[in-house]
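This report is written for a reader who wants to follow a model from its pocket and ligand outward to individual residues. Please keep the sequence and the structure in view while reading.

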Amino acid sequence: MREHGILVVVSGFSGAGKGTIMRELLNRYDNYALSISATTRQPRQGEIHGREYFFVTEEEFLRMIDDNKLIEYTRYVNHYYGTPSGYVLEQMAAGRDVILEIEIQGALNIKKKFPEAVLLFVAPPSAEELRRRLLGRGTEEPRVIEARLRRAVEESEGMDRYDYLLINDDLDRCVEETHQLIQAQRRKISNNMEFIRRIQNELRDI
Ligand code: 5GP
């Protein structure tokens, strides 16, 4: 019997470093798969269609919604973002834990649909550090950075809806902690009821 993987939702303020943590997690362990979202925003410099995102038109995105091809979606800073369902369900069935790097509305929708999902929130050590990282990235105009900081204020109010907090001060420690948390979630009794029922039946018949 093959064990199903679980969904790992990772949110965090833009610039908190969640992308780096997840990339490193995928490098170190082979039981993870990263979901690639669809979005209507323009690619940033260096981003490639099918790697960071599937960049689609608004019309294409709306069609995906109509055709039920997204397990969740939301509008964020004037653009649509959504998780295509095919790859995610396929990888979970193959036993991999699938990582979704999404914002809070999507995270809460996922938890409703998949109660066994684990919701992780990545935060920098302080607000000042967040501003510094956003400026240092140099990929956005000041206007966009301000919009992201304002959005961070809103998002910080939803942090208590998550299961675990990851403070990204030391990458190596953060990656290990993330791995441990995900594996612990897989072992939760409530996520293993199928196994438990099976072994209970087997024991009765022995
Ligand atoms: P960015 O434009 O910086 O790549 O992403 C903006 C925000 O959208 C980030 O918080 C990111 O996690 C979130 N996001 C990316 N893909 C998805 C998705 O498929 N669904 C949802 N709900 N949010 C997403």
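The sections below describe the pocket, the ligand surroundings, one helix, two residues and two loop positions of a predicted model.

## The largest pocket

The largest pocket holds about 1,100 Å³ of space, and its lining is made up of 38 residues, with K18, G19, R44, Y53 and E101 lying nearest the centre. The elements that each give two or more residues to this lining are the helices and strands α1 (18–28), β5 (70–76), β6 (79–84), β7 (97–101), α5 (127–137) and α6 (142–156). The largest share, six residues, is supplied by α1.

In terms of residue class, the lining of the largest pocket divides into ten nonpolar, 14 polar and 14 charged residues.

## Around the ligand

There are 16 residues around the ligand, and S37, R41, Y53, E72 and Y81 are the ones that come nearest. Y53 is also listed with the residues nearest the centre of the largest pocket, and an N or O atom in the side chain of Y53 is 2.5 Å from an oxygen atom of the ligand.

Two arginines can be described in a similar way: a polar side-chain atom of R41 lies 2.7 Å from an oxygen atom of the ligand, while for R44 a polar side-chain atom lies 2.8 Å from a ligand oxygen atom. R44, like Y53, is named with the residues nearest the centre of the largest pocket.

## Helix α4 and its cover

Helix α4 spans residues 104–113, and its buried residues are I104, G106, A107, L108 and I110. What covers these buried residues includes the strands β1, β5, β7 and β8 (118–123), together with helix α6. Of these covering elements, β5, β7 and α6 also give two or more residues to the lining of the largest pocket.

At the N-terminal end of α4, E103 acts as a cap, with a side-chain oxygen 3.1 Å from the backbone nitrogen of Q105.

## Two buried residues, G12 and Q91

G12 belongs to strand β1, which covers residues 7–12, and it counts as buried because its relative accessibility of 9% is under the 20% cut-off. Once its neighbours within four places in sequence are left aside, G12 is in contact with K18, F121, V122 and E155, and K18 is one of the residues nearest the centre of the largest pocket. The C-alpha atoms of G12 and E177 are separated by 16 Å, although these residues are 165 places apart along the chain.

Q91 is found in helix α3, residues 85–93, and with a relative accessible area of 11% Q91 is likewise buried. Not counting residues up to four places away in sequence, Q91 touches A33, R96 and V98. Between the C-alpha atoms of Q91 and E141, which are 50 residues apart along the chain, the separation is 37 Å.

## Two loop positions with positive phi

Most residues other than glycine have a negative phi, and two loop residues are therefore worth inspecting against that background. N68, in the loop between α2 (58–66) and β5, has a positive phi near 65° although N68 is a residue other than glycine; at 64% relative accessibility, N68 counts as exposed.

V77 lies in the loop between β5 and β6, where its phi is positive at about 40° and the residue is not a glycine. With a relative accessible area of 36%, V77 is partly exposed.

How values were computed:
Residues are numbered from 1 along each chain as its sequence is written. This is a predicted model: local features need pLDDT of at least 70, side-chain atom pairs count only at pLDDT 80 or more; totals for chains, interfaces and linings use all residues. Side-chain values use heavy atoms; hydrogens and water are left out. Helices (H or I, at least four residues) and strands (E, at least two) are DSSP runs, numbered from the N terminus. Buried means under 20% relative accessible area, exposed over 50%, partly exposed in between (1.4 Å probe, protein chains only). Contact means heavy atoms within 4.5 Å. On a 1 Å grid over the protein atoms alone, a cavity is a set of points where a 1.4 Å probe fits but cannot get out, and a pocket is an open set with protein on both sides within 12 Å along at least five of seven lines; lining residues have an atom within 4 Å of a point. Grid points are joined across faces, edges and corners, and a volume is the space filled by probe spheres set on the points. Ala, Val, Leu, Ile, Met, Phe, Trp, Tyr, Cys and Pro count as nonpolar, Asp, Glu, Lys and Arg as charged, and the others, Gly among them, as polar. A residue is near a molecule or strand if one of its heavy atoms lies within 4 Å of it. A polar contact is a pair of N or O atoms within 3.5 Å; within protein, one must be able to donate a hydrogen and the other to accept it, and residues adjacent in sequence count only if both atoms are side-chain atoms.
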